[in-house]
Amino acid sequence: MGDSAWLLRDLPDAPYCLVEPLSRVPGVIEAAASYETVAVFFDPLSPPSEAEVFAALDVAGIEEIGRAHTVPVCYALGEDLDEVASRLGMTADEVVIRHTLQSYQCHAVGFRPGFPYLGWLPPELQGVPRRPQPRVRVEAGSVAIADRQTGIYSEASPGGWAILGRTPLCLVNEAEDYFPIRAGDSVRFVSIGLAEYQSRQGERL
């Protein structure tokens, strides 16, 4: 990945388990996990040695490091909920029930700061495509699905996923380096009404 990053494949453990040991290697600026790889960013003028990187990968008995998060969602604010329900042959309530029935693992964080890629959706909700024309603006907190994944727009941005609802919680504060959801964490959604959504607006996860 250029002169200041390596992309590590064929890993001995889940990518998110290796972020912490790799981040401690001298010369490494950051390690970022994805689905099957870890990107290791370093200063090209003082790169880490390959031996130290491989030693960091050779860790035994890794503990579970993921944290569990509960995210409230007001599904009444989901602009695409009815369309998704129609496409899947369900009622809107059935979509909400299935979306909140399980926890999702965060496989990666990206696209925008703090945007968690969560999977996998239950089979009944899989297969919803991205919009043919992305929205110019998706509101912060929008909870959406596409294909086999669900995610949360951590800040207002363009986006093409199907929006099922919105959380009132703040998921990102770049100035304070606040990014509570990390690769390896789990997220469970709970349905809330509009009144609770309004009363909890801006609350941190």
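Colleague: How many bridges join strand β6 to strand β9, and which way do the two run?

Modeller: Strands β6 (residues 116-119) and β9 (residues 149-152) are joined by 3 bridges, and they run antiparallel. Bear in mind that this is a predicted model. For one pair, take Tyr-117: its bridge partner in β9 is Gly-151.

Colleague: Which sheet do these strands belong to, and in what order do its strands lie?

Modeller: Read across the strands. The sheet is open, with 7 strands in the order β4-β12-β5-β6-β9-β8-β11. Pairing in this sheet is mixed.

Colleague: Which strands are at the edges?

Modeller: Look for strands that pair on one side only. Here those are β4 and β11. Now the twist: ignoring direction, neighbouring strands of this sheet are turned by 35° against each other on average.

Colleague: Next, the core. Which residues in the largest nonpolar core touch the most other members?

Modeller: That core has 25 residues. Those touching the most other members are Tyr-75, Val-84, Val-95, Ile-145, Ile-152, Leu-164 and Phe-189. Elements giving two or more residues to this core include the helices α3 (81-88) and α4 (92-99), and the strands β4 (68-73) and β12 (186-191). The most comes from α3, with 3 residues. Apart from this core lies another, of 12 residues, with Leu-8, Val-38, Val-40 and Val-53 among them.

Colleague: What is Ile-145 in contact with, beyond its neighbours within four places in sequence?

Modeller: Val-84, His-99, Leu-121, Leu-125, Val-128, Thr-150, Trp-161, Ala-162 and Leu-164.

Colleague: On to cysteines. How many disulfides are there?

Modeller: The count is 0. To test a cysteine, check the distance from its sulfur to other cysteine sulfurs; the cut-off is 2.5 Å. For Cys-74, the nearest is the sulfur of Cys-170, 18 Å away.

Colleague: Why is Cys-106 without a bond to Cys-17?

Modeller: Because the sulfur of Cys-17, the closest cysteine sulfur to that of Cys-106, is 13 Å away, too far for a bond.

Colleague: Are Cys-74 and Cys-106 buried or exposed?

Modeller: Cys-74 counts as buried because its relative accessibility is 0%. Cys-106 also has 0% relative accessibility, so Cys-106 counts as buried.

Colleague: Last, a loop residue. Where is Val-172?

Modeller: Val-172 is in the loop between β11 and β12. With a relative accessible area of 13%, Val-172 is buried. Outside its neighbours within four places in sequence, Val-172 is in contact with Pro-113, Gly-114, Ser-154, Tyr-178 and Phe-179.

Colleague: How far apart are Val-172 and Leu-205?

Modeller: Give both separations. In sequence they are 33 residues apart; in space, 9.2 Å from C-alpha to C-alpha.

Methods
Residues numbered from 1 in each chain as written. Predicted model: local features only at pLDDT ≥ 70, side-chain atom pairs only at ≥ 80, totals over all residues. Heavy atoms only, no water. Core = buried A, V, L, I, M, F, W, Y, C linked by side-chain atoms within 4.5 Å. Buried < 20%, exposed > 50% of the residue type's maximum accessible area, 1.4 Å probe, protein only. Helix = DSSP H or I, 4+ residues; strand = E, 2+ residues; numbered from the N terminus. Contact = heavy atoms within 4.5 Å. Pairing = 2+ DSSP bridges. Axes fitted to C-alpha atoms, helices over the stretch in contact; angles between N-to-C directions.
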